[in-house]
Every structure is written in C-alpha cells, then in structure tokens.
Amino acid sequence: MDNLSTADTDGAIETRGIEPVPDHERRGRVRELFPTWVAANISVLLLTMGAALVVFNQLNFWQVLIVAACAALASFGMVGVLSVSGKWGGAPGATLSRATFGVRGNLFPGAILWVARFGWETINAVTGAYAVLTVLDLLFGVKSNTALIVITLFLFVACTFLVSGMGRKALNVCNTWSTYLFGVFSVLVLGYLIVHMHWSEVFSKPAGTTAMMIAGIGTIAAGGISWVPTGPDFARYLPHAASGKKIVGVTVSGAGLVMVPMVLMGAVMAVASPGLAQAADPVSFLGDLLPTWLAVPYLLTAIVGMLLINSLSMYSAGFTAQTMGVKLPRAMAVSINAVISLVGGLMLMLVAKSFLGSFITFLILLAVSFSAWIGVYAVDMFRRRSRAVRYDAAALMDTSRSSRYWYRGGFCWQAMVSWVLSLLIGLAFTKCDWFAGPFSGTPIGKYGLAWAATIVISGVIMAVLPTPRENTSTTTGETTGLQAAQAAPAERTEQTERVTV
C-alpha cells in the first residue's frame with residue numbers, strides 16, 4: 001500500500017503527495033481555479049498560433065475569433081467537467097484513474113500521459129528561454145549564442161522546478177499576481193495595436209474554408225486538452241458541496257479570457273508581419289512589432305506566465321511520477337521532468353530546424369494521446385455520478401490484490417481495451433510532418449479531427465462493454481480511517497451534489 005501520510009497543507013510548502021485529501025483539509029474555493037486557468041494560458045505561443053491561422057489556414061479576423069472561442073470552450077469545457085472528479089475523490093487525476101483502469105492497468109496510459117507531459121514542458125521551457133533572450137537583446141543588445149542558450153534554458157527550468165516544488169498555495173499566489181500583471185500589459189498591447197494597425201487590411205482579408213476553420217479549432221484546442229487529466233489535481237482541495245457547474249464555468253472563463261484575445265492579437269499581428277508565423281524563434285517578433293517600452297514589460301510578464309504554466313504542469317507531473325511508482329516525495333519527483341525538459345529543450349533550440357513545425361506536430365500527437373484517456377475516464381466518471389462513495393480513498397492507495405480497484409490481475413479490461421483501440425484508431429486518422437496514418441486522407445484526417453474521433457471512439461467502446469465490477473468484498477462493512485472520513489460527508493452531501501454537478 002502507498003504512503004498515506006497526513007500532510008500539513010497549511011504551510012507555505014505543500015508536502016502532500018498523491019494520497020486523497022481528508023475532508024477537514026478541504027478548504028479550497030471554486031474561485032481559486034480562475035487565476036489557475038488564466039495562468040495556464042499565459043504563453044506567447046498563442047500569438048504564434050493565431051498568426052498561423054491567418055498565414056497557413058488563410059482565415060480572416062472573424063473566423064479566427066470563432067476558432068479561438070470554440071477551441072477554448074471545447075478544450076477547457078472538458079477540463080472543467082473532469083475536474084469535478086477531483087472534488088469527488090480529493091485526489092489527483094493520475095490517482096483517481098486507478099479506479100478507471102485498475103491499479104496496474106493505470107500504469108500504461110499514465111506512462112503515455114507522462115511522456116506527453118515531458119514534451120509540453122519542453123515546449124514551454126524553450127518558449128520562456130526565447131523570451132528571456134529577446135529581452136536581453138532589446139535591453140542590452142546581447143545576441144543569442146550557444147552558451148547563452150544553455151544558461152538561459154537552465155535558469156528557466158531551475159526556476160520552474162523551485163516554484164512547482166512549493167505546491168498549491170505558492171502557485172495560487174503566483175497565479176493571482178501574474179493574472180493581474182499580464183492583464184494590464186495585454187490591454188496596453190491591445191491598445192497599441194488598435195491605434196497603429198491598418199485595420200482596413202485586417203478586415204479586408206477574404207474568408208478561408210470551413211475545413212481550415214475546423215482544423216484550426218483542433219490545433220488551438222490541443223493545448224487545453226493536455227490539461228484535462230490534470231484538472232482534478234487543482235480541484236481536490238474543494239469541499240464535496242462545491243458546485244460542479246461553477247467549476248466548469250470558472251475553468252472555461254479563466255482560460256477563454258486569455259486564449260481568445262491572444263489568438264486574435266496574433267492574427268492581427270500576422271497581417272502586418274506574415275513572417276512571424278514561420279519564425280525560427282517564436283518570441284523575437286514582438287521586438288519588431290512593439291516599441292521597446294512596451295515589448296520588454298510585456299515579455300517579462302509573459303516569462304512569468306510561461307514559468308507558471310510549466311510549474312503547474314510539473315506540479316501535476318510529480319503526481320503522475322508517484323502514481324507510476326517513483327518512490328520520491330512529490331517535489332523531488334518533479335526533478336525528473338525538470339531534467340528531461342532541459343535536455344529536450346536544448347535539442348529543440350540547438351538542433352531542430354523549425355520550431356513551429358515541431359510544435360504543431362507535437363500538438364497533433366499530444367491531442368490524440370490525451371483524447372484516448374479522456375473518453376474512457378469520462379464514461380467511468382459518468383457511471384459514478386450517483387454513487388454515495390464515488391471513489392474509495394483507501395482503495396486508491398492500495399496497490400495490492402485486496403484493492404477495490406484490482407479488477408482482474410490489477411487491470412480493468414474494459415478500460416484497457418477501450419483505451420488501446422481508440423488510441424490506435426486515432427493515430428490511424430492522424431497526419432503530421434513526419435507521420436501519416438492509413439486513414440489520414442479521410443475527412444476526419446483532413447479536417448484535423450483525429451482527437452475528437454478518438455474521444456468519441458474510446459467513450460463509445462467503454463460504454464457498450466460490460467460495466468466493470470469492483471472488488472468490494474474486502475471493503476464492504478470495513479470502512480476505516482481515511483475511507484470513513486470521506487464516505488460519511490459524501491453521503492450527507494449526495495442530494496446537494498446531484499443538483500450542483
């Protein structure tokens with residue numbers, strides 16, 4: 001059985017690992033999720049992606065607006081809905097999915113999500129390092145070189161590691177202040193663009209095809225989809241009676257507040273400078289389009305934002321590592337991701353020829369790999385909605401044969417079959433720079449809908465297969481300790497949750 005330490009969450013540094021949060025520590029508030037999801041999207045990559053919608057997808061201003069709004073709603077709508085399971089079970093998503101896949105089966109999708117998380121953290125670290133290099137160039141005329149790239153990337157990853165290691169409370173404080181700062185400078189940038197842009201050129205651009213709009217939604221949404229399995233991590237301190245509808249609303253509004261304006265700003269900037277969508281460096285173009293007095297503070301706040309994005313990602317990655325069997329405290333488990341981000345970032349900055357090409361390819365594969373997990377987990381969560389005890393706290397931490405979630409040999413075969421088949425089918429519909437599945441020429445592949453097809457397929461297979469039967473023989477009538485602490489409040493608030501979820 002895993003360590004069931006009773007961590008003190010009142011301190012500045014969080015020591016709790018993957019173990020469920022007991023009810024007396026569930027003092028979080030739904031509104032705290034708002035700055036979390038704002039901060040999770042403070043990335044200048046959204047500007048580059050908005051520019052790509054204009055340059056490569058040939059969309060006009062209004063189409064970009066629709067794409068950005070739909071992408072935010074679709075991706076973070078799923079984040080919000082699945083985050084509700086965090087308040088049900090009080091545990092990270094990587095731990096709760098033991099109930100879905102089995103204590104052994106969970107290791108396989110967990111490994112895929114962990115590897116994908118490495119890639120996302122590497123992309124963010126590289127973007128942050130490029131932003132630092134751009135600031136050094138604008139302020140001091142220091143040009144980028146190999147030694148400076150190595151130093152900058154190392155410092156960025158090191159800062160990410162330190163912040164993520166402090167835990168939930170430190171991240172909440174940082175997220176709140178970065179939201180204020182980035183919001184102020186984003187308004188200033190928007191004001192500058194309104195005054196200096198040739199809006200006749202922006203609005204005279206002809207409309208693109210519907211197919212390119214649909215493909216654009218998938219590209220922009222991929223970043224949000226990557227947060228779905230970690231959504232419960234940030235909701236696990238919420239009390240049982242917290243409103244599920246509010247969780248979804250706050251999540252979508254927080255993410256959309258940043259995603260939509262930044263994608264639009266990138267699209268507008270692309271009209272004045274079409275080359276920014278193809279730049280090897282995804283950040284330096286801001287120094288050309290904005291005056292130094294505005295570009296520097298904007299980039300500095302963006303650097304903080306990207307630092308927080310990676311910190312949030314590494315924070316959750318520490319839980320995944322512990323669930324995978326890494327026998328380290330969460331803060332130390334994060335170090336594994338930090339090292340991989342550093343090595344991968346150096347490869348991307350010093351070896352890769354095209355940042356944007358590598359980034360788009362990664363987003364496409366990322367979306368499919370996460371989508372297979374989403375469909376299976378969503379169906380399992382839907383089946384638990386009316387149970388008095390949605391997740392058995394003691395069983396989540398029990399990896400022995402006596403665990404409620406042992407199923408057969410530690411595997412829930414229904415979930416594993418659904419996950420494997422949908423992942424393979426999704427990849428068959430996928431097309432990117434260096435990979436094309438056998439069905440990538442179909443409308444699903446051409447429209448970039450492999451991720452959506454993967455979610456639907458995994459969910460349908462899971463739904464039509466026989467409902468998994470949990471091993472309740474060792475837990476019925478023997479609810480003790482942490483399990484009892486969570487079972488009673490869950491029963492008391494059952495009527496409330498049926499209304500609020």
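**Exercise 1. Disulfides and cysteine exposure.** Determine how many disulfides this predicted model contains, and classify Cys159 and Cys174 by their relative accessibility.

*Solution.* The criterion to apply is a pair of cysteine sulfur atoms within 2.5 Å. With this rule, the count is zero disulfides. For the second part, the class between the buried limit of under 20% and the exposed limit of over 50% is called partly exposed. Cys159 has a relative accessible area of 36%, and therefore counts as partly exposed. Cys174, at 32% relative accessibility, is likewise partly exposed.

**Exercise 2. The length of a helix.** Test what end-to-end span should be expected for helix H20, which covers residues 450-464, and set it against the model.

*Solution.* The expected span is 1.5 Å times one less than the number of residues. Helix H20 has 15 residues, so the span should be 21 Å. In the model the C-alpha atoms at the ends of H20 are 21 Å apart, which agrees with the expectation. As a further step, one may ask which residues of H20 are buried. These are Ala450, Trp451, Ala453, Thr454, Ile455, Ser458, Gly459, Ile461 and Met462.

**Exercise 3. Surroundings of a loop residue.** Decide whether Val228 is buried or exposed, and identify which residues it contacts beyond its sequence neighbours.

*Solution.* Begin with the location: Val228 belongs to the loop that joins helix H10 (210-225) to helix H11 (231-235). Its relative accessibility is 0%, so Val228 is classed as buried. When neighbours within four places in sequence are set aside, the contacts of Val228 are Ser75, Met78, Val79, Leu82, Trp373 and Ile374. A distance along the backbone completes the picture, since the C-alpha atoms of Val228 and Gly80 are separated by 7.9 Å although these residues are 148 residues apart along the chain.

**Exercise 4. The nonpolar core and Ser186.** Find how many residues the largest nonpolar core has, and trace which residues are touched by Leu286 and by Ser186.

*Solution.* The largest nonpolar core comprises 139 residues, and Trp227, Leu286 and Tyr391 have the most contacts inside it. Leaving out residues up to four places away in sequence, Leu286 touches Val44, Leu47, Met269, Ala295, Tyr298 and Leu299. Ser186, located in helix H8 (residues 168-196), has 15% relative accessibility and therefore counts as buried. With the exclusion of residues up to four places away, Ser186 touches Met265 and Tyr298. Tyr298 is thus a contact of both Leu286 and Ser186.

**Exercise 5. Aromatic rings and charges.** Count the aromatic pairs, work out the geometry of Trp37 with Phe234 and of Trp177 with Tyr180, and state which rings lie beneath Arg385 and Arg390.

*Solution.* There are 13 aromatic pairs in the structure. One of them, Trp37 with Phe234, has a centre-to-centre distance of 5.5 Å and an angle of 85° between the planes, and is edge-to-face. Trp37 is part of helix H1 (residues 33-39) and Phe234 of helix H11, so this pair ties together parts that are 197 residues apart in sequence. Both Trp37 and Phe234 are buried. The rings of Trp177 and Tyr180 also form an edge-to-face pair, with 5.9 Å centre to centre and 90° between the planes. Trp177 and Tyr180 are three residues apart in helix H8, and therefore about one helical turn separates them. Trp177 is exposed, with a relative accessible area of 56%. One aromatic cluster is formed by Trp37, Phe76, Trp227 and Phe234. Finally, the charged end of Arg385 sits over the ring of Phe382, 3.8 Å from its centre, while Arg390 lies over the face of Trp88, at 4.2 Å from the ring centre.

Definitions and conventions: Residues numbered from 1 in each chain as written. Predicted model: local features only at pLDDT ≥ 70, side-chain atom pairs only at ≥ 80, totals over all residues. Heavy atoms only, no water. Helix = DSSP H or I, 4+ residues; strand = E, 2+ residues; numbered from the N terminus. Buried < 20%, exposed > 50% of the residue type's maximum accessible area, 1.4 Å probe, protein only. Core = buried A, V, L, I, M, F, W, Y, C linked by side-chain atoms within 4.5 Å. Contact = heavy atoms within 4.5 Å. Phe/Tyr/Trp six-rings, centres within 6.5 Å; stacked < 30°, edge-to-face > 60°. Lys NZ or Arg CZ within 6 Å of the ring centre and 35° of its normal.
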